[in-house]
Amino acid sequence: MENLDYIQYLIIVSLFLSVLYLIIKLRKIHLYLYDIKSSFFRELSLTFDQTQCLHALYLDLNFEKSFPKTRLWAGSPDFLMTLKELIEENKPMIIVECSSGVSTIIIAKTLKILGCGHVYSLEHNLDYKVKTDEQLHRHDLCDWATVIHAPLKDYFIEDEAWLWYDIDEIGTRQIDMLVIDGPPATINKLARFPAYPLLSNNFSAEIKIILDDANRVGEQEIVKSWREKTSLDVESKFCEKGCIVLSPVTSA
Ligand SMILES: C[S@@+](CC[C@H](N)C(=O)[O-])C[C@H]1O[C@@H](n2cnc3c(N)ncnc32)[C@H](O)[C@@H]1O
């Protein structure tokens with residue numbers, strides 16, 4: 001009799017534990033599905049925004065042929081649209097770009113439509129330089145852009161070693177706009193930091209510095225360290241990877 005009680009007790013406990021286990025599992029599945037649903041709608045809305053920007057770029061810049069793929073390694077359509085608008089607004093004569101690709105095509109096409117200016121794009125990888133040159137040729141933009149093969153080389157900035165583009169070919173050119181989308185962050189920590197210390201002597205009074213991927217912690221650290229040494233105004237542009245526009249503080 002006592003044995004039977006014990007068995008009943010065991011059955012009840014194991015039933016209770018099984019139900020508890022099922023409830024916990026179901027709760028996890030519920031939360032997981034909720035996450036999937038909300039990230040799906042977020043991604044859908046983001047992708048729709050990017051598609052609208054892509055369409056607007058084709059229309060506003062009168063492209064008759066397709067330009068290279070955007071997003072992932074390349075600039076996202078919202079960043080490219082921001083570049084186009086900043087160029088139209090500021091009409092820079094000399095733009096230096098760190099890393100070539102679809103961004104070079106969009107910049108050169110905007111300059112061609114404006115009828116003034118030139119972009120010099122620093123590209124460390126010869127294969128990508130050749131690809132961008134082919135695209136410039138395909139879009140009849142060779143008069144508006146020059147891709148400089150600029151292998152990465154060692155620099156010492158305040159006693160610290162950095163790898164950055166060889167900028168010999170930039171020479172003494174006065175830069176009105178600097179677009180920073182390279183070198184890739186995988187090359188070294190804070191890979192884009194040298195842009196300001198190495199090129200600031202070339203900046204014109206109207207310089208605009210445009211930094212892509214500004215949502216990344218590394219890029220925010222870079223902006224912070226530049227601003228510790230120089231007074232720079234910061235403007236954030238709403239782009240999927242983040243975009244920051246820096247310009248010298250103007251006295252009122
Ligand atoms: C972040 S990408 C920027 C490309 C460019 N600004 C654009 O909007 O297309 C930086 C560098 O990565 C390299 N790169 C470009 N596409 C790549 C790919 N699909 N895989 C690996 N490296 C790539 C090129 O050397 C390029 O200069």
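This is a dialogue about how some descriptions of a predicted model are reached.

Trainee: What makes the span of helix α3 agree with its number of residues?

Mentor: The expected span is 1.5 Å times one less than the number of residues. Helix α3 covers residues 102-114, 13 in number, so it should span 18 Å, and its end C-alpha atoms are 19 Å apart, which agrees.

Trainee: How do you know that α3 is largely enclosed by the rest of the structure?

Mentor: A residue is called buried if 20 or more other C-beta atoms lie within 10 Å of its own. In α3, 10 of the 13 residues are buried, so the helix is largely enclosed. Among them are Val-102, Ser-103, Ile-106 and Lys-109. Just after the helix, Gly-115 has a positive phi of about 85°.

Trainee: What makes α2 mostly covered?

Mentor: The same cut-off of 20 or more other C-beta atoms within 10 Å applies. Of the 14 residues of α2, 10 are buried, including Pro-77, Phe-79, Lys-84 and Ile-87. Helix α2 runs over residues 77-90 and reaches 20 Å from its first C-alpha to its last, close to the 20 Å expected. Lys-91, just after α2, takes a positive phi of about 45°.

Trainee: Why are β8 and β9 called paired strands?

Mentor: Two strands pair if there are at least two bridges between them. Six bridges join β8 (residues 232-237) to β9, and the two run antiparallel. Asp-233 stands opposite Ser-247 in β9. The two strands form a hairpin with five residues between them, and Gly-242 in the turn has a positive phi of about 85°.

Trainee: Which strand is joined to β9 by four bridges?

Mentor: That is β7 (residues 203-212), which runs antiparallel to β9 (residues 243-248). Four bridges meet the requirement of at least two, so β7 and β9 pair as well. Ile-210 has Val-245 as its bridge partner in β9.

Trainee: How do you know that domain 1 and domain 2 are in contact?

Mentor: Contact requires C-beta atoms within 7 Å. Seven residues of domain 1 are in contact with 10 residues of domain 2. On the side of domain 1 that touches domain 2, five residues are nonpolar, one is polar and one is charged. Domain 1 is 1-60 and domain 2 is 68-248; their C-alpha centres lie 43 Å apart.

Trainee: What surrounds the ligand?

Mentor: A shell of 15 residues, the closest being Ala-74, Gly-75, Ser-99, Gly-101 and Ser-103. By class, the shell has five nonpolar, eight polar and two charged residues. Gly counts as polar.

Methods: Residues are numbered from 1 along each chain as its sequence is written. This is a predicted model: local features need pLDDT of at least 70, side-chain atom pairs count only at pLDDT 80 or more; totals for chains, interfaces and linings use all residues. A residue is near a molecule or strand if its C-beta atom, placed from the backbone, lies within 6 Å of it. A residue is buried if 20 or more other C-beta atoms lie within 10 Å of its own, exposed if 12 or fewer, and partly exposed in between; C-beta atoms are placed from the backbone. Domain bounds come from an automatic or database domain assignment. Two residues are in contact if their C-beta atoms, placed from the backbone, lie within 7 Å.
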